[in-house]
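Visitor: I'm new to this one and would like a close look at a single part of it. Could you pick a spot, and then show me how the rest fits around it?

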Amino acid sequence: MAEDIAGLIRAAVRDRRTAMALPVTSEHPAAGRLDLTDLDIERGFGTSPLDEPVLRCLQYMHDVEHHTVCYLRDLLVTSAHRDPEITEFLTVWNYEEHWHGVAIGRVLAAHGRPAGDRRVGELRDSQPWTERLRPVGFALGSVAFPDLTAVSLVWGAINEWCTQAGYGQLARRAGHPLLGELLRRIMRQEGRHIAFYSTAGRTRLERSRAARRLTRFALQRLWRPVGHGVVPEHETAFLVRYLFGGPGGAEVAARIDRNVSRLPGLGGLAVVGTAVERYQRVPRAEAIRARSGRLLTSDLQ
Ligand SMILES: [Fe+2]
Ligand SMILES: [Fe+2]
């Protein structure tokens, strides 16, 4: 079976080398929809399914990738929308993240798990009413703090670093060649997102002391892993513990913190390591379920 899948992937990679990348813009010639036409996802996972913890992480990643358009909504009401370089990037970014969600949705669907429009719609319906006020908060915040764009860019860089590292950890934990290949393709695109966010964030930090102070303050007080506040906290805690708490996890978290520390004015910050520690103390879903004697929102399919 493993040989079947390994053969499937070798053929896929061989074919892919000769395939044309889909151009989206002249500035981002390699950008675009994730190409999985050469991977037989349904058959591959049908004959060799993934373990429960891996599927639980993929559910989280599916939900968060599909939430990108909501993060985009919040960003576009800030002064970031006046910078054409940023909006060009965000246009491509949102498109690519959408297809990451679709790709992961196919893996989930192959396991009979909820995915796609219905799941995404239910998740958005489940958000508290205060979620509707986020664009107002961002718009007002942008007026009050002209350097909010610097915060958003650095925040984006950290989220992309964590996402790429999280996919890498998941591929290692799963040890499944087909999932590994799919995640490697996603990680390549996440790498381009990292490049933009970190470079654009660094530029803004370099030219403004106020931006450095505001970004440092915001990260220290407010930073949480992407998906926080969108999916239940015990699911964020599960993901953080599974990917960054087990073997090799602390090293990966420390590497991201070193990247953050190299940005102007952010030396010594350890936002990711601090978050990993914090999520060790969040009650597990099983404990909440046992205590309350009821199903959790995240149990519903
Ligand atoms: Fe993504
Ligand atoms: Fe990304």
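Guide: Let's start with His66, which sits in the loop between α3 (52-65) and α4 (68-76). Before going on, a word on how to read this: residues are numbered from 1 along each chain as its sequence is written, and chains are lettered from A and ligands numbered from 1 in the order in which they are written. You're looking at a predicted model, where local features need pLDDT of at least 70 and side-chain atom pairs count only at pLDDT 80 or more, while totals for chains, interfaces and linings use all residues.

Back to the loop. His66 counts as buried because it has 25 C-beta neighbours inside 10 Å. (Buried means that 20 or more other C-beta atoms lie within 10 Å of a residue's own, exposed means 12 or fewer, and partly exposed is in between; C-beta atoms are placed from the backbone.) Leaving aside residues up to four places away in sequence, His66 touches Gly101 and Val120; such a contact is a pair of C-beta atoms, placed from the backbone, within 7 Å. His100 is 34 residues away from His66 along the chain, and their C-alpha atoms are separated by 8.1 Å.

Now step back to the whole chain. It has 14 helices and zero strands, with helices being DSSP runs of H or I with at least four residues, strands being E runs of at least two, and both numbered from the N terminus. Of the 301 residues, 37% count as buried. Among contacts between residues at least 6 apart in sequence, 77% join residues at least 24 apart.

Next comes the core. The largest nonpolar core has 66 residues, and Cys57, Val154, Ile158 and Ile256 have the most contacts inside it. (A nonpolar core is a set of buried Ala, Val, Leu, Ile, Met, Phe, Trp, Tyr and Cys residues joined through C-beta atoms within 7 Å.) Elements giving two or more residues to this core include α3 and α4, the helices on either side of our loop. The most comes from α8, with 14 residues.

Follow Ile256 and you'll find it touching Ile158, Trp161, Cys162, Ala165 and Val272, not counting residues up to four places away in sequence. Ile256 is one of the buried residues of α12, alongside Val252, Ala253, Asp257 and Val260. Seen down the axis of α12, the buried residues fall within an arc of 140°, so they line one face of the helix; the arc is that of the directions from the helix axis to the C-beta atoms. Glu251, Arg255 and Arg258 are exposed on the other side of α12. Cover for the buried residues of α12 includes α8 (148-174), α11 (233-245) and α13 (271-280).

You can compare that with α10 (residues 209-222). There, Ala211, Arg212, Thr215 and Arg216 are buried. These buried residues fall within an arc of 125° seen down the axis of α10, so they line one face of the helix. On the other side of α10, the exposed residues are Arg209, Ala210, Phe217, Arg221 and Leu222. What covers the buried residues of α10 includes α8 and α9 (177-207).

Finally, a word on confidence. Mean pLDDT, the predictor's confidence in each residue from 0 to 100, is 89 for the chain, and 85% of its residues reach 70 or more. Over residues 11-24, though, pLDDT stays under 50.

Definitions and conventions
Contact = placed C-beta atoms within 7 Å.
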